[in-house]
Amino acid sequence: MRQEAAFRFIPELIGDIAHTMELSGNPELLYVEAAVNTLHMAADVFEAVEEHKNTKRKKETKQAIQEKYSELEKKRTDHYIQEAVRNIDNTFVRLKIKMCDGQFRDTEVRKFISCLKEELHKLIDIFNDMKIDPDYPDRNKVEELTRKALRDYNKLLTVFIEEEKKDGKDESE
C-alpha cells in the first residue's frame, strides 16, 4: 500500500475501532444501529426498484408513442397519395375535352402535361431508389410498373417536345 493511501485509510480504521468499541460495550445500541442501517439499505433498494420500474414504464410509453406516431405517419402518407391522385384525376377530367380537341398548346394543358411528366419522373426515381427484397412476391409488378412509368414519361416528353416544335413553326409563319 502506498504511503498516501495508508494515511487516508488509518483514520478510517481508528474511527471504526472507536465505533466498534462503543457498540461492543452497548449491544442494544448495536442492534438499533444495525436496524437503522438495514432500513437505509431497504430504502436504497426500494428506490432502485422504483427507478427501474419507472425506466421500464418510460420505455414502454415511448414505444407506444412511437408506434402511434408511425401509424399516423403512414395514414398521413396514404391520405396525401390519395389526394394527389384525386387532384390529377380531377384536372385530367377537366382538361380531357381540350386534349380531345387537340388543344395541346393551351396553357393549362401544357402545365398538366408538365406536372404529369414531373410526377412520373419522381415515381421512377423512387422505384429506382427502393431496395426491394428478392423474396418479395410482387417484385415483378413493381418492376413492370417502373417500366410503364418510364415508357409513359418518355412518351409525354416526346409529345411535349413535338408540341414545342409545332409552336415554333406556328410563330414563324
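**Exercise 1. Contact range and burial**

Task: What share of contacts between residues at least 6 apart in sequence joins residues at least 24 apart?

Solution. Take the contacts in the chain of this predicted model. Keep those between residues at least 6 apart in sequence. Of these, 49% join residues at least 24 apart. Next, turn to burial. The chain has 173 residues, and 12% of them count as buried. Then take the surface. The chain exposes about 14,700 Å². Carbon and sulfur atoms supply 58% of that area.

**Exercise 2. Secondary structure**

Task: How many helices and how many strands are in the chain?

Solution. The count gives four helices and zero strands. Read from the N terminus, the order is α-α-α-α. Helix H2 covers residues 27-100. Helix H3 covers residues 107-129.

**Exercise 3. The span of H3**

Task: Compare the expected span of H3 with the distance between its end C-alpha atoms.

Solution. H3 has 23 residues. The rule multiplies 1.5 Å by one less than the number of residues. The expected span is therefore 33 Å. The end C-alpha atoms are 33 Å apart, so the two values agree.

**Exercise 4. Burial in H3**

Task: Which residues of H3 are buried?

Solution. Apply the cut-off: buried means under 20% relative accessible area. The list includes Val109, Phe112, Ile113, Leu120, Ile124 and Phe127. Arg110, Ser114 and Lys117 are buried as well. Now check two other residues of H3. Glu119 has a relative accessible area of 33%, so it is partly exposed. Lys122 is at 46% and therefore also counts as partly exposed.

**Exercise 5. Salt bridges within one helix**

Task: Find the partners of Lys75 and Lys122, and relate each pair to the helical turn.

Solution. Start from the principle. Side chains of opposite charge can pair when their charged atoms come close. By the 4 Å rule, the count comes to eleven salt bridges.

- Lys75 pairs with Glu71, at 3.9 Å from N to O. The two are four residues apart in helix H2, so about one helical turn separates them. Glu71 has a relative accessible area of 40% and is partly exposed. Lys75, at 43%, is partly exposed too.
- Lys122 pairs with Glu119, with the closest N and O atoms 3.3 Å apart. These residues are three apart in helix H3, so they too are separated by about one helical turn.

**Exercise 6. From H2 to H3**

Task: Which residue forms a salt bridge with Arg94, and what does the pair tie together?

Solution. The partner is Glu108, with the closest N and O atoms 2.6 Å apart. Arg94 lies in helix H2 and Glu108 in helix H3, so the pair ties together parts 14 residues apart in sequence. Both ends are partly exposed: Arg94 at 48%, Glu108 at 36%. Now widen the view. Arg94, Lys98, Asp106 and Glu108 are linked in a network of salt bridges. Asp106 has another contact, at the start of H3. There, one of its side-chain oxygens comes within 3.1 Å of the backbone nitrogen of Glu108.

**Exercise 7. A nonpolar patch**

Task: Which residues make the nonpolar surface patch of about 320 Å²?

Solution. The patch is made by Tyr80, Ile81 and Val85. Tyr80 lies in helix H2. Patch residues need over 30% relative accessible area. Tyr80 reaches 58%. Exposed means over 50%, so Tyr80 is exposed.

Technical notes. Residues are numbered from 1 along each chain as its sequence is written. This is a predicted model: local features need pLDDT of at least 70, side-chain atom pairs count only at pLDDT 80 or more; totals for chains, interfaces and linings use all residues. Side-chain values use heavy atoms; hydrogens and water are left out. Patches are made of residues with over 30% relative accessible area and no salt bridge: like charges are joined within 9 Å, nonpolar side chains (Val, Leu, Ile, Met, Phe, Trp, Tyr) within 5 Å. Accessible areas come from the Shrake-Rupley method with a 1.4 Å probe; for residues, only the protein chains shown count as cover. A salt bridge is a side-chain nitrogen of Lys or Arg within 4 Å of a carboxyl oxygen of Asp or Glu. Buried means under 20% relative accessible area, exposed over 50%, partly exposed in between (1.4 Å probe, protein chains only). Contact means heavy atoms within 4.5 Å. A polar contact is a pair of N or O atoms within 3.5 Å; within protein, one must be able to donate a hydrogen and the other to accept it, and residues adjacent in sequence count only if both atoms are side-chain atoms.
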